[in-house]
Amino acid sequence: MNMTRKRQSLPLLILVALLCWNQTAEATRLKELATVKGVRDNQLVGYGLVVGLDGTGDGNKSPFTTQALVNMLDNMGVHVNPEALKVKNVAGVLVTAKLPPFIKIGQKIDINLSSLGDASSLAGGTLIVTPIKGLDGKIYAMAQGPLSIGGLEVQGAGASSQQNHVTAARIPDGAIVEREVPFSLLTKEELSIHLNNPDFTTMSRVVEAVDLMLGGSYAKAKDSATVAITVPPRFSGNQVALLAALEKLEITPDNLARIIIDERTGTVVMGADVTISQVAVAHGNLSIQVSPGPGQPPSLETNRNITARDRENQLVQLDSGITLGEVVRALNSVGVTTRDLIAIFQSMKASGAIKADLQII
């Protein structure tokens with residue numbers, strides 16, 4: 001493999017790395033960093049029948065579809081013999097939805113449908129009225145309507161073409177809410193806020209910002225993820241206004257130095273705080289050396305030199321303030337492949353040279 005082709009093997013990796021290691025932490029609204037306890041979606045699920053298909057429905061190998069169709073017809077006063085019932089324009093589907101917090105009776109939500117049997121396509125179908133339930137077994141919404149596939153299937157003489165999945169569908173505003181999830185903020189004398197990424201330093205900054213805004217010691221951190229906020233007297237009965245004010249607080253999160261490696265795609269993403277210690281690596285015909293800078297003791301973690309050399313004896317040297325991002329630049333300049341780079345990172349982490357959490361996905 002020539003040098004040009006080698007360098008072309010890392011475009012995405014290098015682009016992502018360059019975007020990441022030069023970034024500094026910026027203040028972010030608390031709204032993006034945390035959620036309020038009790039304010040959450042609820043999952044709904046149900047079984048339904050899609051009718052009106054053009055011969056692409058379930059066959060005789062899906063007895064649950066036939067049974068459901070017989071039961072539906074019986075409820076309508078139409079009695080049929082299940083043994084004689086053979087239809088190909090009906091399909092059994094699993095109906096799923098999310099019930100948002102504070103949604104009221106009569107409002108509509110989107111639903112998703114997935115084929116359960118051997119239907120080849122749900123295109124052109126209509127979902128007949130279907131109850132969808134919560135995990136407590138109670139009905140929270142009723143779903144019905146024509147399906148939106150988003151896929152395409154074309155068949156011709158001896159050939160066929162398909163784009164996306166035609167056995168999954170969606171109905172925007174396809175269900176009407178029939179039951180609410182009881183939850184009220186007005187009776188809360190204390191509100192709990194959970195960080196999406198638990199961190200003690202970030203939590204300390206949240207407590208400090210909340211107390212500064214409210215003008216007193218109202219926030220108390222329970223752990224690295226949860227802060228309990230006592231409702232001040234001026235916000236009593238107006239907890240919504242309190243939460244609206246809290247959401248606007250700007251917090252600078254403290255992130256863990258982390259490297260994410262996706263071996264399937266050859267993507268490496270790294271944070272700004274990733275640094276390396278003194279190390280020497282030999283990988284095939286490639287040699288890497290990170291050493292203290294001039295006049296610096298070996299134990300110092302800054303002001304370092306890095307040398308990378310490949311089989312063609314190309315040499316790249318960087319001075320002062322070496323980070324893992326600069327290691328990537330040096331290795332890319334001598335044409336290191338993505339797979340080699342990932343192997344080098346793993347070895348450096350195992351030796352303790354990389355001061356970061358290494359995750360492989």
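The chain's secondary structure comes to 8 helices and 23 strands, where helices (H or I, at least four residues) and strands (E, at least two) are DSSP runs numbered from the N terminus. This is a predicted model, in which local features need pLDDT of at least 70 and side-chain atom pairs count only at pLDDT 80 or more, while totals for chains, interfaces and linings use all residues. Residues are numbered from 1 along each chain as its sequence is written, and side-chain values use heavy atoms, with hydrogens and water left out.

Let's start with the chain as a whole. Of its 361 residues, 39% count as buried; buried means under 20% relative accessible area, exposed over 50%, and partly exposed in between, with a 1.4 Å probe and protein chains only. Among contacts (heavy atoms within 4.5 Å) between residues at least 6 apart in sequence, 65% join residues at least 24 apart.

**The barrel and its core**

Now to the sheets. Two strands pair if DSSP finds at least two bridges between them. Six of them close into a barrel, in the order β3-β4-β5-β10-β7-β6, with antiparallel pairing. From one strand to the next, the twist averages 30°. Within this barrel, β6 and β7 pair in the antiparallel sense over 6 bridges, and T126 has P146 in β7 as its bridge partner. Helix α4 (residues 63–75) packs on the sheet and touches β3, β4 and β6, its direction making about 80° with that of β3. Axes here are lines fitted to C-alpha atoms, for helices over the stretch in contact, and angles run from 0 to 180 degrees between N-to-C directions.

A nonpolar core is a set of buried Ala, Val, Leu, Ile, Met, Phe, Trp, Tyr and Cys residues joined through side-chain atoms within 4.5 Å. The largest one has 26 residues, and I109, I111, L113 and L127 touch the most other members. Two or more residues come from each of β3, β4, β5, β6, β7 and β10, and β4 gives the most, with 5 residues. A second, separate core of 23 residues includes L185, L242, L246 and L249. Leaving aside residues up to four places away in sequence, the contacts of L127 include V93, V95, I111, L113 and I171.

**The open sheet**

Another 4 strands form an open sheet in the order β2-β11-β13-β12, again with antiparallel pairing. Its edge strands, β2 (34–36) and β12 (219–221), each pair on one side only. Here the twist averages 25° from one strand to the next. Strand β2 is joined to β11 (residues 190–195) by 3 bridges, and the partner of A34 in β11 is L195.

Here are the two helices described as lying on strands:

| Helix | Strands touched | Angle |
|---|---|---|
| α4 (residues 63–75) | β3, β4 and β6 | about 80° with β3 |
| α5 (residues 200–214) | β11, β12 and β13 (226–230) | about 10° to β13 |

**Helix α8**

Finally, take helix α8 (residues 338–351). At 1.5 Å a residue, its 14 residues should span 20 Å, and its end C-alpha atoms are 20 Å apart, which agrees; the expected span is 1.5 Å times one less than the number of residues. Which residues of α8 are buried? They are T338, L341, I342, I344, F345 and M348. Seen down the axis, these fall within an arc of 160°, so they line one face of the helix; the arc is that of the directions from the helix axis to the C-beta atoms. On the other side of α8, R339 and A350 are exposed. Just after the helix, G352 takes a positive phi of about 90°.
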